[in-house]
Amino acid sequence: MKVNLQEACEFLKSNDDFLILMHANPDGDTLGCGFALCGALQRMGKRAKAVCAEEIPHKFDYLFAAAETQEFEPKTIVCVDVADTKLLGDMRELGNSAELCLDHHETNTGYAKRVLVEPDYAAACELIYKVINELGVPFDKELANCIYTGAATDTGCFKFSNTTPQTHLIAAEMMRFGADFAMINYVNFDLKTQGRIRLEQEVLKNIKYFEGGRVALVTVTRALLDSIVDIDSDDIGALANIPRQIEGVDVGICVKEKKPGVFKASMRTSALVNAAEICQKLGGGGHARAAGCSFEGVTVDEAVDKTVEAACEAVRKALGR
């Protein structure tokens, strides 16, 4: 059932032993949400831990400072920034038992017993900020780092069209509480490993264009990834932004092979088309300007063809062709 902010916080106040689930292929928003909420609950004297099914990129190591490591038997499952249990990876079954979901995706499937979704928020961390305030937990530098990270990363350092005045106001307040914004912006938007530079060099050689240059595609195979050392999931995930940076491109697509027969397509779009609507037709979802979907039991060519066909169809429809 849908709950409001006060009802969600009353639930958090009256329960304990929290297991907070963050989505697989973790980004700054789900991690910022998870560690901020975990830290806030611990500061209330509760037991909580935030977990992810996949390895957390090292650049987010600073987020761990917001919460202590606690050992206990979880009783209450909460999901943050998770629109669908299939996004939890190997923890999907745990997601099916979620008591509360705090999210901002308009494509949220309502899987949890209690759901609070704010689709107009640029980042789920904006919602977690309001939850922490409602819980009466004072912000400190560590919590502020978490919230700032979510706000910055889900808006492309406040460049994306989803950025709102609220986003800026929350980020400013986190700076007032000591968020290390210069470090956070550097490691998330400027710093690149040598492996990532080599990966980008290879990808840039093989960009393909469709629909008169309005759709651009990069493909990342396991063979390519295995040929490059010193890269992590975040290096790979960042490739999704490259095609949309090209002039004239309305839909940028990155199809990457996670393992044999399993592919993930990440999509970034201009205001011409809705990325979430395109990906929903392919079994995925996300936001209007950034979304994704997955394919299993297919070849790389089949995954590419399905994604490109859906993107081109959306562009043609938007142009009235």
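Biologist: Which residue in β8 does T219 stand opposite?

Modeller: In this predicted model, the residue of β8 that stands opposite T219 is V255. A second position can be read in a similar way, since A216 has G252 as its bridge partner in β8.

Biologist: What makes β7 and β8 count as paired strands?

Modeller: Pairing calls for at least two bridges between two strands, and strand β7, residues 215-220, is joined to strand β8, residues 251-259, by six bridges. The two therefore meet the requirement, and they run parallel.

Biologist: How do you know that β6 also pairs with β7, and in which sense do they pair?

Modeller: There are three bridges between β6 and β7, where at least two are needed, and the sense of this pairing is antiparallel. One of the positions involved is F210, whose bridge partner in β7 is V215. The two strands form a hairpin with four residues between them, and E211, which lies in the turn, has a positive phi of about 50 degrees.

Biologist: Why is β7 described as largely enclosed by the rest of the structure?

Modeller: The description rests on burial, because five of the six residues of β7 are buried, that is, they have under 20% relative accessible area.

Biologist: In what order do the strands of this open sheet lie, and what makes β6 and β10 its edges?

Modeller: The six strands follow the order β6-β7-β8-β9-β11-β10, with mixed pairing. The strands β6 (208-210) and β10 (285-286) each have a single partner strand, so each has one side without a neighbour in the sheet, and that places them at the edges. Helix α12, residues 300-319, packs on the sheet and touches β6, β7, β8, β9 and β11, while its direction makes about 160 degrees with that of β8.

Biologist: Why are the buried residues of α8 said to line one face of the helix?

Modeller: The buried residues of helix α8, which covers residues 194-204, are G195, R196, L199, E200 and V203. Seen down the axis of α8, these buried residues fall within an arc of 135 degrees, so they line one face. On the other side of α8, Q194 and L204 are exposed.

Biologist: How many disulfides are there, and how is that decided?

Modeller: The count is zero. A disulfide needs a pair of cysteine sulfur atoms within 2.5 Å, whereas for C146 the nearest cysteine sulfur, that of C125, is 7.3 Å away, so C146 is in no disulfide. For C157 the nearest cysteine sulfur is again that of C125, at 15 Å, and C157 is likewise in no disulfide.

Biologist: Are C146 and C157 buried or partly exposed?

Modeller: With a relative accessible area of 0%, C146 is under the 20% limit and is therefore buried. C157, at 27%, falls between 20% and 50% and so counts as partly exposed.

Biologist: What makes P74 count as partly exposed, and where does P74 lie?

Modeller: Its relative accessibility is 31%, which lies between the limits of 20% and 50%, so the label of partly exposed applies. P74 sits in the loop between β2 (48-52) and β3 (76-80). Leaving aside neighbours within four places in sequence, P74 is in contact with D17, L19 and K49; from C-alpha to C-alpha, P74 and K49 are 8.7 Å apart in space, although 25 residues separate them in sequence.

Biologist: Why is A8 called buried?

Modeller: The relative accessible area of A8 is 1%, which is under 20%, so A8 is buried. A8 belongs to helix α1, residues 5-13, and, apart from neighbours within four places in sequence, A8 is in contact with V3, L100, L102 and L116. V115 is 107 residues away from A8 in sequence, yet their C-alpha atoms are 8.3 Å apart in space.

Biologist: How do you know that the radius of gyration agrees with that of a compact globule?

Modeller: For 321 residues, a compact globule would have a radius of gyration near 20 Å, and the protein has 19 Å, which is why the two are said to agree. The C-alpha trace spans about 55 × 40 × 40 Å along its principal axes, and 54% of the 321 residues count as buried. The protein contains twelve helices and eleven strands. Of the contacts between residues at least 6 apart in sequence, 66% join residues at least 24 apart.

Conventions. Residues are numbered from 1 along each chain as its sequence is written. This is a predicted model: local features need pLDDT of at least 70, side-chain atom pairs count only at pLDDT 80 or more; totals for chains, interfaces and linings use all residues. Side-chain values use heavy atoms; hydrogens and water are left out. Buried means under 20% relative accessible area, exposed over 50%, partly exposed in between (1.4 Å probe, protein chains only). Contact means heavy atoms within 4.5 Å. Axes are lines fitted to C-alpha atoms, for helices over the stretch in contact, and angles run from 0 to 180 degrees between N-to-C directions. The arc is that of the directions from the helix axis to the C-beta atoms. The radius of gyration is taken over C-alpha atoms; the globule rule is 2.2 Å times the number of residues to the power 0.38.
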